[in-house]
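These are my notebook entries on a structure that is new to me. I set down what I looked up, in the order in which I looked.

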Amino acid sequence: MARRHAKYLIVGAAIAIVLVAALALLIDAGILLAAAQTSGAKAFGLNPAAIAYKLPEQIQWKDDPIGAKMAVLKGDPSKPGLYVVLVKWSPNHMSHPHFHPNDRFIIVISGTWWVGTGAKFDPESTVPLPAGTFVTHFGKQIHYDGAKDGETVLEIVGEGPATATPAEVK
């Protein structure tokens, strides 16, 4: 029963990813940002008990040990429970083969994300996934990923703790 409940939470989180991605695209296009800057958040008549949001300039990016930048939007990836993060890969940076204990649900927000599977690191065999792509990283399955020729931003939703276990065979 608990496993079924967890699956419903994850499916709900995946739907939330799609909605957040659409919101991010509107913000990126300047539509919502211009409205917020012109009239202020109170002009929207939003009840803070009903909705919370951060504009792009309010999102705090931090350097991540993997060499990318990460912004935690909800939860704490290092602890048990649901988390939502943004990951910004810089050009020409990739992770090496690893796996995570739990499934993770990812949307490519911008750029092209390059992904590969297997324990042998081979960036030339990675597959390009453009902005708007939805990806599931299945728990305990070996993969590697990153950016090649441009910056890439991802939204990742998962169940913590979000550890990464190295799995490269040289």
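Before the first entry I fixed my terms: a residue is buried under 20% relative accessible area, exposed over 50%, and partly exposed in between. I also noted that I was working with a predicted model.

**Entry 1: salt bridges**

I searched the whole structure for salt bridges and found 2. I then looked up the partners one by one.

In one of them, Lys 79 pairs with Asp 76, and their closest N and O atoms are 3.8 Å apart. I checked how open this site is. Asp 76 has a relative accessibility of 30%, so I entered it as partly exposed. Lys 79, at 48%, is partly exposed as well.

In the other, Lys 69 pairs with Asp 63, with 2.6 Å between the closest N and O atoms. Here I recorded Asp 63 as exposed, because its relative accessible area is 63%. Lys 69 is partly exposed, at 36%.

**Entry 2: aromatic pairs**

I next looked for paired rings and counted 2 aromatic pairs. Such a pair is described by the distance of the ring centres and the angle of the planes, so I noted both values each time.

Phe 105 and Phe 134 form a stacked pair, with 6.4 Å from centre to centre and 10 degrees between the planes. I traced the two residues along the chain: Phe 105 belongs to strand β6 (residues 104-110) and Phe 134 to strand β9 (residues 134-137), so that the pair links distant parts of the chain, 29 residues apart. Phe 105 is buried, with a relative accessible area of 10%, whereas Phe 134 is partly exposed at 39%.

Phe 121 and Tyr 144 form an edge-to-face pair, at 5.4 Å centre to centre and 70 degrees between the planes. This pair too connects distant parts of the chain, 23 residues apart: Phe 121 is in the loop between β7 (112-117) and β8 (127-130), and Tyr 144 is in strand β10 (residues 143-147). I recorded Tyr 144 as buried, at 1% relative accessibility, and Phe 121 as partly exposed, at 22%.

**Entry 3: charges over rings**

I then asked which rings have a lysine over them. The charged end of Lys 88 sits over the ring of Trp 61, 4.2 Å from the ring centre. Lys 148 lies over the face of Trp 114, and I noted 4.1 Å to that ring centre.

**Entry 4: a nonpolar patch on the surface**

I found a nonpolar surface patch of about 250 Å², made by Leu 46, Ile 51 and Tyr 53. I looked up Tyr 53 and placed it in the loop between α2 (31-39) and β1 (62-63). At 35% relative accessibility, Tyr 53 is partly exposed.

**Entry 5: the largest nonpolar core**

In soluble globular proteins, nonpolar side chains tend to be buried together. I therefore turned to the nonpolar core of this model.

The largest nonpolar core has 14 residues. I asked which of them touch the most other members, and entered Val 87, Trp 89, Ile 106, Trp 113, Leu 129, Leu 154 and Ile 156. The elements that give two or more residues to this core are β3 (81-89), β6, β7 and β11 (152-160). Of these, β3 gives the most, with 4 residues.

Note on methods
Residues numbered from 1 in each chain as written. Predicted model: local features only at pLDDT ≥ 70, side-chain atom pairs only at ≥ 80, totals over all residues. Heavy atoms only, no water. Salt bridge = Lys/Arg side-chain N within 4 Å of Asp/Glu carboxyl O. Buried < 20%, exposed > 50% of the residue type's maximum accessible area, 1.4 Å probe, protein only. Phe/Tyr/Trp six-rings, centres within 6.5 Å; stacked < 30°, edge-to-face > 60°. Lys NZ or Arg CZ within 6 Å of the ring centre and 35° of its normal. Patch = residues over 30% accessible without salt bridge, like charges linked within 9 Å, V, L, I, M, F, W, Y side chains within 5 Å. Areas by Shrake-Rupley, 256 points an atom, 1.4 Å probe, with all protein chains shown as cover. Core = buried A, V, L, I, M, F, W, Y, C linked by side-chain atoms within 4.5 Å.
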